[in-house]
Amino acid sequence: MPDEPQVVEPPEPKQLIAPGYTFGSVTDQIATVVLTGRTPVFWLACFSVGLALLFLFLYAVALLLAKGVGIWGIRVPVMWGFAITNFVWWIGIGHAGTLISAILLLLNQRWRNSINRFAEAMTLFAVACAGMFPLLHLGRPWLFYWLFPYPNTMNVQPQFRSPLVWDVFAVSTYATVSFLFWFVGLLPDLATLRDRTLNRFARFAYGILAMGWRGSARHWSIYETASLLLAGLATPLVLSVHTVVSFDFTIAIVPGWHSTFFPPYFVAGAIYSGFAMVLALAIPLRAVYGLQGLITDKHLDNSAKVMLATGLIVAYAYILETFTAWYSGNVYEGAAIWNRMTGPYAPAYWMLISCNIILPQALWFKSIRSRPVLLFIWSMIVLTGMWLERYVIIVSSLAQDFLTSSWSIFVPTRWDWATYFGTIGLFLFLFFAFIRLLPMISIFEVRTLLPQAKVEEEVQG
Amino acid sequence: MTAQSRDFAASAELASDLRQWRTRALTAGVIGAVLLLVGIFLVSPFQLYESYLWSYVFYVGVTLGCLVWLMLQYLTGGAWGVVIRRPAEAAARTLPLLALLFLPIVVGIPNLYQWSHANLVANDPVMQHKQIYLNVPFFLIRAALYLGGWNFLAWYFNRWSAREDEGSPVAHRKMAALAGPGILFWGFSITFMAVDWVLSLNPRWFSTIFGMLFMAGQGLSGMAFLITLLVLLSYRRPMSEILTPRHLHDLGKLLLCMVMVWAYFTFSQFLIIWAGNLPDEITWYVARLHGGWRYIALALVLGHFALPFALLLSRDLKRNFKLLAGIAIFILCMRYVDVYWLVAPDFSRGRFAVSWMDFVAPVALGGIWLWAFVTQLEKRPLMPLGEPNLEEALQHGRE
C-alpha cells in the first residue's frame with residue numbers, strides 16, 4: 001500500500017560482503033580472474049607443484065600396476081595401511097563442500113554464497129583423490145567393475161552384507177550428485193563468461209557448457225527448483241557417505257573399531273577436516289586475488305567456528321572412547337586403547353591428540369579467528385591431525401589384533417608416501433586448473449547479497 | 001507492528017487460561033502422587049522406583065531439551081530462537097524442582113541398581129572392575145554435579161535475560177559467551193548421566209553412542225514440547241499476533257531434523273551391535289527384541305521415526321499450527337515409549353510386564369512439572385523485550 005506510511009524500517013541485513021560493491025563490480029572482479037590473459041606467479045607456482053606431484057603419482061601408480069601392491073608397506077596383519085587412511089581422509093575433506101553447498105543452503109545461511117563454488121569444486125576433486133585408493137588397493141584395478149552387481153557368467157556377486165560394497169554405492173552416488181549440483185550451479189556463471197569473453201574459442205567452449213542459458217525468468221524458475229532438489233538430495237549424503245565409511249570399521253569386531261558412536265564421530269571428523277581445507281584454500285586465494293571484499297573475515301570466522309564445534313565433537317569421541325574402553329571391562333577394548341597410547345604408535349597418537357584436541361582450543365579466541373595467517377596454520381594443524389587420526393585407528397588396531405603371534409608393525413615405504421603426496425598433486429592440479437578456467441566464486445549468488453538486490457526484491461514484493 | 005507499540009504481557013484471557021492449566025496440572029499431579037504412594041502397598045516399592053526412574057529421566061529430558069535449544073539459539077541466531085526464548089527459560093527454571101525430585105531416586109538406589117549391593121559386587125569381577133566408578137557416594141557426587149551445573153546454567157541465562165529486559169547492554173553478549181561452554185557441559189553431563197542413571201542398570205552392557213542417544217532424545221522432546229506450547233499460546237493475545245506460519249515452519253524443520261538424528265543414532269547402534277553379534281553387547285538387544293518388547297520396538301520404528309518423518313516432510317503441514325502440534329504431542333508420547341523401552345526391560349528379567357504404575361508415574365511427575373512450568377511462565381512477558389533481534393523476529397514471515 002503505497003500511501004500508508006512505513007512504520008518500521010526493516011532491520012538492516014548483516015553485511016556479508018564489503019560495502020561499495022555494485023552488480024557490475026562483483027561480476028568484473030570474479031570474471032577477470034578467469035578472462036584475463038595474465039596469470040599470477042602464485043598460480044603458476046601452485047600449479048607447477050601440483051603438476052610435478054601428479055607426475056610422481058602417475059609414476060607410482062605405473063610401478064604399482066607393474067609390480068603389484070607389494071611395493072606398499074602393507075603386510076599381514078596390516079593390510080589396509082596408507083591406502084585406506086588416505087581414502088578416508090580425502091573423502092572426509094569433501095564433506096565440507098557438500099555441507100556448505102547443500103545444508104547451509106537449506107538453512108538459509110547466506111554467508112555460504114561466496115564460498116560454496118570453490119568448496120564444491122574441492123569436494124569433487126577430493127572425492128576423485130579418495131576414489132583412487134580403494135581402486136588401486138584392489139590390486140587389479142581393471143577388474144573394479146566386479147564390485148557392481150551385474151549379471152555375469154562367473155556367478156560371482158558382491159557380498160551385500162559387507163560395508164565395503166555399501167561404500168561403492170555410497171561414494172559413487174556422492175560423486176554423481178556432487179558433480180550435478182556443482183555443474184547446475186555453474187550454468188548462469190558459464191553464460192556470463194560466454195557473454196564476456198573476447199576469445200572465440202573460449203566463447204564456444206563456455207557456450208557449449210552453458211547449455212543455452214539465457215537468464216530468462218523461466219530459466220531461473222527451473223534453476224531454483226533444480227538446485228533446491230539437488231540440495232535436498234545432497235544433504236543426506238553428507239551424513240550417509242561417512243557413516244558408511246565408518247561402517248567399514250564398526251561392522252568388523254576388531255577392538256578399537258567396533259564402537260557404536262563411530263558414525264556420528266566420523267561425520268564430525270569429516271566436516272572438521274573439510275572446513276580446515278576450505279580455510280587452507282580460501283585464505284591464500286583471497287589474498288592473491290584481492291577477494292577480501294567477497295570472502296570476508298566474517299566467512300573465515302564462521303568457518304573457524306564450525307571447525308571448533310566439530311573439533312569438540314571429535315574431542316568428545318576420544319574422551320568417551322577412552323572412558324568406555326575402561327568402563328566396558330572388556331580386556332580387548334582396553335588393550336587396544338592402551339596400545340594406542342603407549343604402544344609403538346604412541347607418538348602418532350599423542351600428536352593426533354595435540355593437533356585435533358589441544359591446539360584447536362585456541363579457536364575459542366576471537367584474536368586467533370580474526371588473523372588469517374594464524375587460521376591458515378591452524379587449518380594445516382587440523383588437516384594433519386585428522387590424517388593421523390585415521391592412520392592411528394586403522395593401523396594400530398590391525399597391527400595388534402586378537403592373534404598375538406601375527407602382531408607386526410606397519411612401516412610405510414616410499415611408494416606409500418609417493419602415492420599419498422601424488423594425490424595431493426592431483427588435487428592441486430585439478431583445483432588450480434579450476435581456478436583458472438571457471439569462476440571460483442558464484443557470481444550471481446554473491447550479487448544477491450548486495451544491498452541493491454534487497455531493495456529490488458522489496459519493490460517487486 | 002513494532003516492539004514498542006506492543007504489550008507482550010499475557011492478555012487477561014490467556015492469564016485465566018494459564019491459571020486453569022496450572023490448577024489442572026497440579027490436581028493431576030497430586031492425584032497421581034497419591035496413587036503412586038498407594039502403589040507401594042498394592043504392588044511393591046520396586047515398581048514405584050522403576051516407574052519413577054524412567055518418568056524422571058523423561059522430564060529431565062524435556063527440561064534440558066528446552067535449555068539446550070535456548071543456549072543454541074544464542075549461537076545460531078534466527079527468529080525461531082526469539083519466539084521460544086521465554087518458554088524455554090521458564091522450562092529451565094523448573095530445574096530446582098527437578099533437583100528436589102531426584103530424592104526418590106536417591107532413596108531407591110538399592111532397589112534400582114545391582115552395583116549398590118556389596119554381596120553382588122563381591123561375586124562379579126565385571127562389577128568389581130567398575131566399582132571405583134559405580135559406587136553410591138561417587139554416584140551421588142556426580143548427580144549433584146550434573147544437577148548443580150544445569151541449575152547454574154538455568155539461573156545464569158534467566159538472570160541475564162531479566163537484565164536484558166531492563167535494558168542492560170551487555171546482557172546479550174554475556175549469554176552468548178556462556179552458550180558454547182554451556183552446550184559443552186550439557187553434552188558431557190548428559191553422557192555421564194545416561195551412563196549413571198540408565199546404562200548402569202545393566203552393569204555388563206556398554207555402548208559408546210548411548211549418551212548421544214539421550215542428547216538427540218532431549219533435543220527432540222524439548223522441541224516437541226516447545227512447539228506444542230507455542231501452538232496452545234497462539235490462540236490468545238499476545239502470541240496470536242506474533243506467531244506466523246513461518247516461525248512454526250522453522251521450528252517444524254528442527255523437529256524433523258531431530259527425528260532424523262534420533263533415528264540415525266538409534267539405527268547406527270542397532271546395526272553395529274547386530275552385525276558384530278558379540279555376547280557382551282547383543283544381550284541388550286536380545287532382551288529388547290523378544291517377547292512383548294519386540295512390539296514396542298516395532299512401535300518405535302513406526303511411530304518414533306517413520307510416521308513423523310513422512311508427515312513432517314510436508315511444508316503445508318509444518319505451517320499448519322494444529323497439525324504440527326498434533327504431531328509434536330504424538331512425538332512426546334513416543335519419547336515416553338522410547339525411554340520406557342530403554343529402561344524397563346532391564347528390570348523385567350526377560351518377561352514382558354507393564355504395570356499400571358508405569359502409566360501413573362508420568363502423569364504424577366508430569367502434573368507437578370507442568371504446574372511448576374506454568375507458574376514460571378506466568379512470571380515474565382511472553383517475548384524477550386530486550387532481545388536485539390526482536391524486531392527482525394517479529395517481521396519474520398510478514399515481508
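Here are three short exercises, with worked solutions, on a predicted model.

**Exercise 1.** Work out how much area chain A and chain B bury between them, and which residues of chain A supply the most.

*Solution.* Start with the total: the two chains bury about 3,300 Å² between them, and 74% of that is on carbon and sulfur atoms. Next, look at chain A's share. Thr260(A), Tyr316(A) and Tyr327(A) supply 24% of the area chain A buries against chain B, more than any other three residues.

**Exercise 2.** Describe the contact between the chains: its residues, its polar contacts and salt bridges, and the helices of chain A that take part.

*Solution.* First, the residues: 33 come from chain A and 44 from chain B. Then go through the pairs. You'll find zero salt bridges between the chains, but twelve residue pairs in polar contact, both partners at pLDDT 80 or more. Now the helices: H7 (217–250), H8 (262–288) and H9 (297–327) of chain A each supply at least two residues to the side touching chain B. H9(A) gives the most, with eight. Finally, sort that side of chain A by class: 21 nonpolar, ten polar and two charged residues.

**Exercise 3.** Classify the aromatic pair Trp115(B)–Phe139(B), and say which parts of chain B it ties together.

*Solution.* Check the geometry: the centres are 5.3 Å apart and the planes are at 50°. An angle that is neither under 30 degrees nor over 60 counts as tilted, so this pair is tilted. Now place the rings. Trp115(B) sits in the loop between helices H5 (103–112) and H6 (118–122), and Phe139(B) in helix H8 (residues 136–165), so the pair ties together parts 24 residues apart in sequence. Both are buried: Trp115(B) at 4% relative accessibility and Phe139(B) at 0%.

Definitions and conventions. Residues numbered from 1 in each chain as written. Chains lettered and ligands numbered in written order. Predicted model: local features only at pLDDT ≥ 70, side-chain atom pairs only at ≥ 80, totals over all residues. Heavy atoms only, no water. Contact = heavy atoms within 4.5 Å. Buried area = accessible area lost by both parts, 1.4 Å probe. Salt bridge = Lys/Arg side-chain N within 4 Å of Asp/Glu carboxyl O. Polar contact = N/O pair within 3.5 Å; in protein donor to acceptor, adjacent residues only side chain to side chain. Helix = DSSP H or I, 4+ residues; strand = E, 2+ residues; numbered from the N terminus. Nonpolar A, V, L, I, M, F, W, Y, C, P; charged D, E, K, R; others polar. Phe/Tyr/Trp six-rings, centres within 6.5 Å; stacked < 30°, edge-to-face > 60°. Buried < 20%, exposed > 50% of the residue type's maximum accessible area, 1.4 Å probe, protein only.
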